Amino acid sequence: MRLVIAKCSVDYVGRLKAHLPLAVRLLLVKADGSVLVHSDGGSYKPLNWMSPPATFRTTTPAETELEDGVSEQWIVQSTKTDDRLIVNIYEQLHESSHDLGVDPGLIKDGVEADLQRLLAEQIHTLGEGFTLIRREYFTAIGPVDLLARDADGATVAVELKRRGDIDGVEQLTRYLELLNRDPLLAPVRGVFAAQQIKPQARVLATDRGIECLTLDYDAMRGVDDSSTRLF
């Protein structure tokens, strides 16, 4: 990765046009071919960028640009479109290059697979007397996260999400419509379980007779005892 801090102006030319006037900025040139322009504020997002695949070249500015004080010009050309990122550098304040090596990628904590495994192991979280039929119960339109039976022997389909929104409720609704056609399973009711459920999703689920369950991931992992909390 190449890091350059420079007094520069930036123009994006192509399907849209955007201009960043002269200011001191951080320029990132990454090994994957992307170039990102950052300021010292405005959140974590770059002010402008070019995504890979792209070609990078440094050119000598035109005479009029040299007269304006431009010392170096970067042309970052997309290989898929006519889009270009043009960086006019007036003064370079810092430059360094670093080999970051191969990144192992983000290891997420609390993803849906973990929630599914934990809830299957702690099926009593759904209610007393619940038993697990199986995880990833296959249907013609996709696998149901968990299929269980309640204390009365009725079938329950569980859809798990980290953040529950309307799309998740719609997904569970489709599963329920299909499962209820099977005389060996019907009647099947649904439980929509997530670490966080959006209000709109809760309203829709309630309207369709689907129970909502908020999961405490830390408590399920045994790293947080909710009974000891004041709030």
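These are some informal notes on a predicted model, taken one sheet at a time.

1. Start with the seven-stranded sheet. The strands sit in the order E4-E3-E2-E1-E7-E6-E5, the sheet is open, and the pairing is antiparallel. Strand E4 (48-50) and E5 are the edge strands, each pairing on one side only. From one strand to the next the twist averages 30 degrees.

2. Strand E1 (residues 2-13) has two partners worth a look. With E2 the pairing is antiparallel over 10 bridges, and valine 4 has leucine 27 in E2 as its bridge partner. With strand E7 (residues 84-97) the sense is again antiparallel, over 12 bridges; here leucine 3 stands opposite serine 96 in E7.

3. The connection between E1 and E2 is a hairpin, with four residues between the two strands. Check glycine 14 in that turn: its phi is positive, at about 160 degrees.

4. Moving outward from E2, four bridges join strand E2 (residues 18-29) to strand E3 (residues 35-38), and these two run antiparallel. If you want a register marker, leucine 28 stands opposite leucine 36 in E3.

5. At the other end of this sheet there is an aromatic pair, and the structure holds just one. Phenylalanine 56 and tryptophan 74 have ring centres 5.1 Å apart and planes at 70 degrees; an angle over 60 counts as edge-to-face, so that is what this pair is. Because phenylalanine 56 lies in strand E5 (residues 54-59) and tryptophan 74 in strand E6 (residues 72-78), the pair ties together parts that are 18 residues apart in sequence. The two rings differ in burial: tryptophan 74 is buried, with a relative accessible area of 0%, while phenylalanine 56 counts as partly exposed at 32% relative accessibility.

6. Arginine 57 is in strand E5 too. Leaving aside residues up to four places away in sequence, arginine 57 touches Gln73, Trp74 and Ile75. Its C-alpha atom is separated by 8.5 Å from that of glutamine 77, which is 20 residues away along the chain.

7. Now the second sheet, which is open and has five strands in the order E8-E9-E10-E11-E12, with mixed pairing. Strand E8 (131-137) and strand E12 (211-214) stand at the edges; each has a single partner strand, so one side of each is left without a neighbour in the sheet. Ignoring direction, neighbouring strands here are turned by 25 degrees against each other on average.

8. The mixed pairing shows up around E10. Strand E9 (residues 144-149) and strand E10 (residues 155-164) run antiparallel and are joined by four bridges, with valine 156 in E10 as the bridge partner of alanine 148. By contrast, E10 and E11 run parallel, joined by nine bridges, and alanine 157 stands opposite glycine 190 in E11. E11 itself is mostly covered, with seven of its 10 residues buried.

9. Two helices deserve a comment. Helix H4 (residues 199-207) packs on the five-stranded sheet, where it touches E10, strand E11 (188-197) and E12; the direction of H4 makes about 170 degrees with that of E11. For helix H3 (residues 166-179), the length check works out: at 1.5 Å a residue its 14 residues should span 20 Å, and the end C-alpha atoms are 20 Å apart, which agrees.

10. What is buried in H3? Gly168, Val169, Gln171, Leu172, Thr173, Tyr175, Leu176 and Leu179 are. The cover over these buried residues includes E8, E9, E10, E11 and H4.

11. I would also look at glutamate 159, in strand E10. At 2% relative accessibility glutamate 159 counts as buried, the cut-off being under 20%. Its contacts, not counting residues up to four places away in sequence, include Gly168, Gln171, Leu172 and Tyr175, which are among the buried residues of H3. Asp145, Val191, Phe192 and Ala193 are also touched by glutamate 159.

12. Finally, the cysteines. How many disulfides does a search of the whole structure find? Zero. Both cysteine 8, at 0% relative accessibility, and cysteine 212, at 18%, count as buried.

Key. Residues numbered from 1 in each chain as written. Predicted model: local features only at pLDDT ≥ 70, side-chain atom pairs only at ≥ 80, totals over all residues. Heavy atoms only, no water. Pairing = 2+ DSSP bridges. Axes fitted to C-alpha atoms, helices over the stretch in contact; angles between N-to-C directions. Contact = heavy atoms within 4.5 Å. Expected span 1.5 Å × (residues − 1). Buried < 20%, exposed > 50% of the residue type's maximum accessible area, 1.4 Å probe, protein only. Disulfide = S-S within 2.5 Å. Phe/Tyr/Trp six-rings, centres within 6.5 Å; stacked < 30°, edge-to-face > 60°.
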